[in-house]
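User: Please take a close look at one part of this chain for me, and then show me how that part sits within the whole. I am in my first year, so please explain each term when you use it.

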Amino acid sequence: MRIRIVDAFTDRPFGGNPAGVVLLDAAGFPDTAWLQQVAAEVNLSETAFAHPLPAGGDADWALRWLTPAAEVNLCGHATLATAHVLHTTGAATGTVRFATRSGVLTTTADDSGAITMDFPTAPLTEVEVPPVVAEALGTEILGAYDTGANLGDLLVELADEKSVRALEPDFAALTSPGGRGVIATAAAEAADCGYDFVSRGFFPAVGIDEDPVTGSAHTALAPFWSARLGRDTLVGHQGPAHRTGLVRTTLRGDRTLLTGSAVTVIDGELLIAP
């Protein structure tokens, strides 16, 4: 059984966000406990598991995502990584439809190899800033927004890009508010920097202190910044200083298109069968 490590939302190795990808046969998913053990062994923010579905249905592949500690409802970078593997190995062409916990998600590769994913837009509801989050981040928070049950994140706006870059959160404290995690964001400081907003994502409740580039978070960032900047198509920059990536977002009402590139950096064999 092959296992690959793919860097997503980047066009070069050792950038973006690495994800594990395991393509299974048509028999279906093994026991969840085995999937969780593999994800824990890979020890990346997510490992994706996919198997082909019978022709003629609503989707082409079934897809699940697991962190080292839990299964999640939605994951952008591991979906991008899976689509990249399917296209680069010849297992799929054109548009690929994935059956997931978040419904059927489609991915389409263009001639350059960039892949566009069609995801549900996260609903945003302004909420009071939880004191524990303000204390854990240690900086002024301009506003906080619930992103809905499916995404399960708290989106917080900070004063500026420098504030986002400088964050050194108390990860233990961030496990207590509930939900998946916290996304901190601010507008880009320079108009000509190649992106429109910045973000960082912290998810210690599911075993990820900081995720370098969180595709799913951009289903909330896209409507948030599109409303403020007056444009439906934007570019987000995410990550700590040592590992960053770019996500192009296009808001289409209740759907958000996320576009990025990916690079396979490891292609090996999983020796332990389910």
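Analyst: Let us begin with R231, which touches D196 and S226 when residues up to four places away in sequence are not counted, where contact means heavy atoms within 4.5 Å. Please keep in mind that this is a predicted model, in which local features need pLDDT of at least 70 and side-chain atom pairs count only at pLDDT 80 or more, while totals for chains, interfaces and linings use all residues. Residues are numbered from 1 along each chain as its sequence is written, and side-chain values use heavy atoms, with hydrogens and water left out.

R231 lies in the loop between helix α6 and strand β15, the latter covering residues 233–238; here helices (H or I, at least four residues) and strands (E, at least two) are DSSP runs, numbered from the N terminus. With a relative accessible area of 38%, R231 is partly exposed, because that label is kept for values between buried (under 20%) and exposed (over 50%), computed with a 1.4 Å probe and protein chains only. The C-alpha atoms of R231 and L251 are separated by 8.6 Å, although these two residues are 20 residues apart along the chain.

The helix before this loop is α6, which spans residues 218–229 and is mostly covered, since nine of its 12 residues are buried. The buried residues of α6 are H218, T219, A220, L221, A222, P223, F224, W225 and S226, and S226 has already been mentioned as a contact of R231. As background, an α-helix has 3.6 residues a turn, so residues three or four places apart point the same way. After α6 comes G230, whose phi is positive, near 75 degrees.

A positive phi also turns up elsewhere in the chain, in residues that are not glycine. As a general point, most residues other than glycine have a negative phi. F9, however, has a phi near 65 degrees, and this residue is found in the loop between β1 (2–8) and β2 (17–23). N43 has a phi near 60 degrees, again a positive value in a residue other than glycine, and its place is the loop between α1 (32–42) and β3 (47–52). What sets the two apart is their cover: F9, at 2% relative accessibility, counts as buried, whereas N43, at 53%, counts as exposed.

From F9 we can step to G245, because F9 is one of the residues that G245 touches, along with G16, V213, G236, H237 and Q238, once residues up to four places away in sequence are set aside. G245 lies in strand β16, which runs over residues 245–252, and at 6% relative accessibility it counts as buried. The C-alpha atoms of G245 and N150 are separated by 24 Å, and the two residues are 95 residues apart along the chain.

N150 leads on to another region, for it is among the residues that S102 touches, together with N73, L74 and P120, again leaving out residues up to four places away in sequence. S102 is placed in the loop between β6 (95–100) and β7 (103–109) and is buried, with a relative accessible area of 13%. Its partner N73 is 29 residues away in sequence but 6.1 Å away in space, taken from C-alpha to C-alpha. In strand β6 we also find T100, which counts as buried at 15% relative accessibility and is in contact with L63, W65 and L105, leaving aside its neighbours within four places in sequence.

Finally, let us step back to the whole protein. It has six helices and 18 strands, and its radius of gyration is 18 Å, close to the 19 Å that the globule rule gives for 274 residues, so the protein is as compact as a globular protein of that length. That radius is taken over C-alpha atoms, and the globule rule is 2.2 Å times the number of residues to the power 0.38. Of the 274 residues, 55% count as buried. Among contacts between residues at least 6 apart in sequence, 63% join residues at least 24 apart.
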